[in-house]
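Biologist: I am new to this structure and should be grateful for a close look at one part of it, the salt bridges. Please explain each term as it arises.

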Amino acid sequence: WGMQDRSKLPGEAQMVRDLVPGSTLVEVQGSGHYVQEEQPRAVADAMIAAIPLWLPPAAPVSPAAPAPG
């Protein structure tokens, strides 16, 4: 969420976050409404950091069976 976005009301970011179950809010300083264009690295970093939240839990790994013979 671009913290210098003049097209959105103060507190709207938190309201949207609260309405979307399981969501997180990343506030990007020095960016306005088009945060993905103004701060692409911050957006990419936030998306990469969130990948583990989107993945299902890993299945337990069982030890490999001994090779026959």
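Modeller: A salt bridge is counted where a side-chain nitrogen of Lys or Arg lies within 4 Å of a carboxyl oxygen of Asp or Glu. The model is predicted, so local features need a pLDDT of at least 70 and side-chain atom pairs one of 80 or more, whereas totals for chains, interfaces and linings use all residues. Residues are numbered from 1 along each chain as its sequence is written, and side-chain values use heavy atoms, without hydrogens or water.

The pLDDT, the predictor's confidence in each residue from 0 to 100, has a mean of 88 over the chain. A value of 70 or more is reached by 97% of the residues.

Across the whole structure, the search returns 3 salt bridges. Side chains of opposite charge can pair when their charged atoms come close.

One of the bridges joins the side chains of K8 and E12, with 4.0 Å from N to O. K8 is partly exposed, its relative accessible area being 32% (under 20% is buried, over 50% exposed and anything in between partly exposed, with a 1.4 Å probe and protein chains only).

Another bridge links R17 to D18, and here the closest N and O atoms are 3.1 Å apart. The two partners fall into separate classes of exposure: R17 is partly exposed at 30%, whereas D18 is exposed at 57%.

The side chains of R41 and D45 also form a salt bridge, with an N to O distance of 3.1 Å. Both residues belong to helix α3, where they stand 4 residues apart, about one turn of the helix; helices are DSSP runs of H or I with at least four residues, numbered from the N terminus. In this pair R41 is exposed, with a relative accessible area of 63%, while D45 is partly exposed, with 38%.

Helix α3, which carries this last pair, spans residues 40–54 and has the lowest mean pLDDT among the elements of the chain, 92. The highest, 96, belongs to helix α2, residues 35–38.

Helix α3 also gives the largest share of the lining of the largest pocket, 7 residues. That lining comprises 25 residues, and among those nearest the pocket's centre are W1 and A46. (A pocket is an open set of points on a 1 Å grid over the protein atoms alone where a 1.4 Å probe fits, with protein on both sides within 12 Å along at least five of seven lines; lining residues have an atom within 4 Å of a point.)

Note on methods:
Helices (H or I, at least four residues) and strands (E, at least two) are DSSP runs, numbered from the N terminus.
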